[in-house]
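This report concerns the sheet of one protein chain and the elements placed around it. Please consult the sequence and the structure shown here alongside the text.

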Amino acid sequence: MAESRRSWVLPIILLAAGVALGYSLRTGGSDHGSFPSIGDRIIGPFFCPEDRCSSVVIDWIERANESIDLAIYSFTLDSIGDALVRAHDRGVRVRVIMEREQLNRWSEYSRLRDAGVKVKLDGNPAYMHNKFMVIDGRVVLTGSYNYTKQADTRNDENLLILVGEDVAGAYEAEFNEMWSGVFGG
Ligand SMILES: [Ca+2]
């Protein structure tokens with residue numbers, strides 16, 4: 001009985017979620033020029049390299065007023081590192097978690113740390129494979145896109161922007177859990 005119930009509950013939940021998202025789905029891949037209204041839920045998707053993912057990310061970093069929390073697997077792109085340092089310098093609280101095994105001489109780790117940005121390496125013996133950024137507790141950037149030259153100019157990648165305090169809160173909670181040292185849970 002329990003098995004058969006489970007078999008139809010999940011499809012119904014997925015259908016309901018899809019309908020809810022469908023009502024608020026925005027079209028167009030280049031509408032990141034202005035801060036969205038409360039009614040907006042999704043901006044994008046952006047497919048890169050053709051939609052210039054690094055420009056989208058930098059545009060949103062430059063809009064941050066209060067906080068930026070970034071969990072990123074691989075981060076070697078200087079232009080995004082510079083944007084985070086500029087945000088830090090203008091008083092935005094910036095925190096970054098990066099995958100320890102991706103630390104190399106091209107990594108932005110030292111650049112950020114030397115500029116005073118709070119940076120931590122993950123404590124997961126497996127990969128901290130997330131690529132998400134939470135801005136002001138209200139906007140989430142996520143997708144396959146790592147902040148690397150390879151991802152920016154050669155790979156096939158996607159990036160999606162989610163707007164809303166509920167969804168941002170869920171990402172923020174996961175970030176805070178990792179920031180406190182809990183990985184893989
Ligand atoms: Ca790891």
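The following sections describe the sheet as a whole, one strand within it, and a helix that packs on it.

## Overall sheet

The model is predicted. Its open sheet comprises 7 strands with mixed pairing, in the order S1-S7-S6-S5-S2-S3-S4. Strand S1 (42-48) and strand S4 (118-121) occupy the edges; each has a single partner strand, so one side of each is left without a neighbour in the sheet. From one strand to the next, the twist averages 10°.

Strands of a sheet pair through backbone hydrogen bonds, in either a parallel or an antiparallel sense.

## Strand S5 and its partners

Strand S5 spans residues 131-135 and is mostly covered, with 4 of its 5 residues buried. Strand S2 (residues 67-72) runs antiparallel to S5, and 5 bridges join the two. In this pairing, Ile68 stands opposite Ile135 in S5.

S5 also pairs with strand S6 (residues 139-143), in the antiparallel sense and over 4 bridges. Here Val134 stands opposite Val140 in S6. The two strands S5 and S6 form a hairpin with 3 residues between them. In the turn, Asp136 has a positive phi of about 55°.

## The S1 edge and helix H6

At the S1 edge, S1 pairs with strand S7 (residues 157-163) through 5 bridges in the antiparallel sense. Cys48 stands opposite Glu157 in S7.

Helix H6 (residues 165-179) packs on the sheet. The helix touches S2, strand S3 (93-98), S4, S5, S6 and S7, and the direction of H6 makes about 110° with that of S5.

How values were computed:
Residues numbered from 1 in each chain as written. Predicted model: local features only at pLDDT ≥ 70, side-chain atom pairs only at ≥ 80, totals over all residues. Buried ≥ 20, exposed ≤ 12 C-beta atoms within 10 Å, placed from the backbone. Pairing = 2+ DSSP bridges. Axes fitted to C-alpha atoms, helices over the stretch in contact; angles between N-to-C directions. Contact = placed C-beta atoms within 7 Å.
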